[in-house]
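Please open the model in a viewer and keep the selection tool ready. The tour proceeds from one selection to the next and states what is to be found at each stop.

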Amino acid sequence: MRAAHPASVVRDRLVALVASQGFAAHGLHVRIGDDTADHRWTPDVREDVHSIAKGVCVLAAALAADDGLVRLDESVAALLPDHELGDGVAHVTLRHLLSMSSGIDLPWSETLMTDWPDLAREFLRRPSRGRVFQYSNASTYTAMTALAARVGDVGDYLSTHLFAPLGIEDVAWSRCPNGRIEAGGGLPLRTEEVARLGLLIRDRGSWRGGQLVSPEWIDAMHQDGVVAGVNPGYDRYALAGWQGPGRAWRLHGAHGQLLLFLDDAVVTVTAHDHAGADAFAAATVAVLEEVAVAR
């Protein structure tokens with residue numbers, strides 16, 4: 001039997017999953033086609049969406065590319081000509097930085113934003129090992145430093161070109177000591193605001209009848225990608241998007257921040273449960289396959 005309100009069916013199943021798995025969810029938003037349903041476990045306040053912010057940074061670069069201000073395959077050397085470059089870094093592009101495939105070794109740390117006088121300069125002066133995957137907030141941060149050379153302050157650019165059209169106001173992105181957005185995280189949003197980003201992405205850049213972002217950039221967020229490892233769900237990484245679980249793809253922030261995409265369904269989750277996120281994501285996709293895709 002076809003569910004009259006599939007989003008509500010999925011929501012109710014996921015609420016039950018939260019209880020059975022003990023997943024520390026904060027908010028849930030389900031959209032299937034035009035049908036929506038949501039649920040909250042905690043007050044609806046803005047919280048750091050962590051690495052979902054990397055997807056927002058990809059959208060910033062996409063918007064700038066659509067505006068003719070930058071090319072994703074443009075070298076960082078051209079964008080930041082006054083920066084010292086390590087061996088092989090002259091060939092690193094904005095796309096490489098956003099796909100974590102610059103081959104520059106600078107892993108994540110809790111003090112990443114304050115360990116050096118300028119994180120982007122430190123990142124770029126290190127050598128590149130070629131197109132080798134390494135996940136690091138420094139890569140996204142450096143990408144946005146390079147983008148700022150063409151668009152000015154990236155936070156301001158996003159406020160005007162992305163958040164305002166989506167009806168998201170007064171976004172206070174955390175900033176490094178040099179005043180730049182942290183880029184790889186530090187973006188506080190409500191669950192429903194993240195869901196608006198999810199709808200924009202699901203609809204390949206279309207928003208309220210207009211094309212806010214070209215579809216090719218949305219496709220590049222999850223198609224092809226680079227080899228990131230061998231573990232399921234973490235084996236391929238595109239422009240901020242991870243392949244999996246199953247046929248789905250996702251933007252995945254620390255502590256259980258999720259945007260899960262499968263066909264015309266998008267599930268938004270905010271949480272504080274790093275260890276339980278993968279199991280909950282896999283169970284969510286299984287529910288979508290059963291309820292939403294088969295409807």
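Helices (H or I, at least four residues) and strands (E, at least two) are DSSP runs, numbered from the N terminus. This is a predicted model, in which local features need pLDDT of at least 70 and side-chain atom pairs count only at pLDDT 80 or more, whereas totals for chains, interfaces and linings use all residues. Residues are numbered from 1 along each chain as its sequence is written, and side-chain values use heavy atoms, with hydrogens and water left out.

**Stop 1: a cis peptide bond**

Select Gly-244 and Pro-245. The peptide bond from Gly-244 to Pro-245 is cis, with omega near 5 degrees. Pro-245 is placed in the loop between β9 (242-243) and β10 (249-253). For context, most residues other than glycine have a negative phi, and most peptide bonds are trans.

**Stop 2: two positive phi values**

Continue to His-255, in the loop between β10 and β11 (257-262). Its phi is near 65 degrees, a positive value in a residue other than glycine. His-255 has a relative accessible area of 27% and is therefore partly exposed; buried means under 20% relative accessible area, exposed over 50%, and partly exposed in between (1.4 Å probe, protein chains only).

Next select Arg-204, in the loop between α8 and β5 (206-207). Arg-204 has a positive phi as well, near 55 degrees. With 38% relative accessibility, Arg-204 counts as partly exposed.

**Stop 3: helix α8**

Step back along the chain to helix α8 (residues 191-202), whose 12 residues should span 16 Å at 1.5 Å a residue; the end C-alpha atoms are 16 Å apart, which agrees. The expected span of a helix is 1.5 Å times one less than its number of residues. Of the 12 residues of α8, 11 are buried, so the helix is largely enclosed by the rest of the structure. Among the buried residues are Glu-193, Arg-196, Leu-199 and Ile-201.

Now isolate Arg-202, which lies in α8. Arg-202 is buried, with a relative accessible area of 18%. Not counting residues up to four places away in sequence, Arg-202 touches Arg-31, Ile-32, Gly-33, Phe-261, Asp-263, Asp-264, Ala-265 and Val-266; contact means heavy atoms within 4.5 Å.

**Stop 4: helix α2 with helix α6**

Two packed helices are described by the angle between their axes and the distance between the axes. Axes are lines fitted to C-alpha atoms, for helices over the stretch in contact, and angles run from 0 to 180 degrees between N-to-C directions.

Display helix α2 (residues 52-66) together with helix α6 (residues 137-151): they pack at an angle of about 25 degrees, with axes 10 Å apart. This makes α2 roughly parallel to α6. Angles under 35 degrees count as roughly parallel, over 145 as roughly antiparallel, 65 to 115 as roughly perpendicular and the rest as oblique. The contact joins Lys-54, Cys-57, Ala-60, Ala-61 and Ala-64 of α2 to Asn-137, Thr-140, Met-144, Leu-147 and Val-151 of α6. The residues of this contact comprise seven nonpolar, two polar and one charged. Here Ala, Val, Leu, Ile, Met, Phe, Trp, Tyr, Cys and Pro count as nonpolar, Asp, Glu, Lys and Arg as charged, and the others, Gly among them, as polar.

Within α6, pick Ser-139. At 1% relative accessibility, Ser-139 counts as buried. Which residues does Ser-139 touch, not counting residues up to four places away in sequence? They are His-96, Leu-97, Met-100 and Phe-123.

**Stop 5: helix α2 with helix α7**

Keep α2 and add helix α7 (residues 154-163); their axes come within 10 Å and cross at roughly 80 degrees. The two helices are therefore roughly perpendicular to each other. On the α2 side, Val-56, Leu-59, Ala-60, Leu-63 and Ala-64 meet Val-154, Tyr-157, Leu-158, His-161, Leu-162 and Phe-163 in α7. The contact residues divide into 10 nonpolar, one polar and no charged.

**Stop 6: helix α10**

Finally, select helix α10 (residues 277-291), which has 15 residues and reaches 21 Å from its first C-alpha to its last, close to the 21 Å expected at 1.5 Å a residue. Its buried residues include Phe-280, Thr-284, Leu-288 and Val-291. The buried residues of α10 pack against α1 (6-21), β1 (25-32), β10, β11 and β12 (265-271).
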